[in-house]
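Let's practise finding charged pairs in a protein. Have the structure open and work through the exercises below.

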Amino acid sequence: MATTRRADMFTADGKPSDDDPREHGPRLGDERTTLVESLRCQRLTLELKCADLDADAMARRAVEPSTMSLLGLVRHLAEMERATFRVLMAGADVPRLFCSDTDRDGDFDGAVPDPEVVAEAWDAWRAEVDFATRFVAEAPSLDITANDPLNLHGSGGGAMSLREALVGIIEEYARHMGHADLLRERIDGRIGQ
């Protein structure tokens, strides 16, 4: 099983479902609340797009020669969460999860139809999401900064605030959720709201 969450984001008329957990978050919040809620919804969308799929479906590639799959997206977004919050913002010296200097696309290349690989991907993604959620909640301000001298995170090559990091990761998810829409539709014809 890909995920334990189940909601009906797939509706016949494309209108929001009362079961969709993305529809009931905080509204009219301050900046931190707004950014955190936006990211929460993007993360939920990933889980919902992967709901009820087996390992074969999770690893199914879009179209040749692309290596993109829903499983690859889970692995990729785990890498992005880790790089953004654990490595850049928290300064942890930890290895990448699926990629390496010799296999920069290991997140997608290693997304094979094996239930253990799927479980490992979800475990890694959830661990990074949990870390990021705690880090952001405990940060004294969105103005805290980290140094991105090589511009690996879109800072322009210098200091990057937590605010910018949050916007960047939201953009990363949003871009890939369009891919997830197409991947899911190719797997079983289901489209989300």
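This is a predicted model, and a search through the whole of it turns up ten salt bridges. Let's look at some of them.

**Exercise 1.** Work out which parts of the chain the salt bridge between Arg163 and Glu31 ties together.

*Solution.* Step 1: check the contact. The two side chains meet with an N to O distance of 2.6 Å, and the cut-off is within 4 Å, so the pair counts as a salt bridge.
Step 2: place the residues. Arg163 sits in helix H6 (residues 162-188) and Glu31 in helix H1 (residues 31-50), so the bridge ties together parts that are 132 residues apart in sequence.
Step 3: look for other partners. Glu31, Asp143 and Arg163 are linked in a network of salt bridges.

**Exercise 2.** Decide whether Arg163 and Glu31 are buried, partly exposed or exposed.

*Solution.* Step 1: get the relative accessible areas. Arg163 has 25%, and Glu31 has 39%.
Step 2: compare with the cut-offs. Buried means under 20% and exposed means over 50%, so Arg163 is partly exposed, and Glu31 is partly exposed too.

**Exercise 3.** Do the placing and burial steps for Arg43 with Glu81, then for Arg82 with Glu128.

*Solution.* Step 1: Arg43 and Glu81 form a salt bridge at 2.8 Å, N to O. Arg43 is in helix H1 and Glu81 in helix H3 (residues 70-89), so parts 38 residues apart are tied together. Both Arg43 and Glu81 are buried.
Step 2: Arg82 and Glu128 form a salt bridge at 2.7 Å, N to O. Here Arg82 is in helix H3 and Glu128 in helix H5 (residues 115-138), 46 residues apart. Arg82 and Glu128 are both buried.

Methods: Residues are numbered from 1 along each chain as its sequence is written. This is a predicted model: local features need pLDDT of at least 70, side-chain atom pairs count only at pLDDT 80 or more; totals for chains, interfaces and linings use all residues. Side-chain values use heavy atoms; hydrogens and water are left out. Helices (H or I, at least four residues) and strands (E, at least two) are DSSP runs, numbered from the N terminus. Buried means under 20% relative accessible area, exposed over 50%, partly exposed in between (1.4 Å probe, protein chains only).
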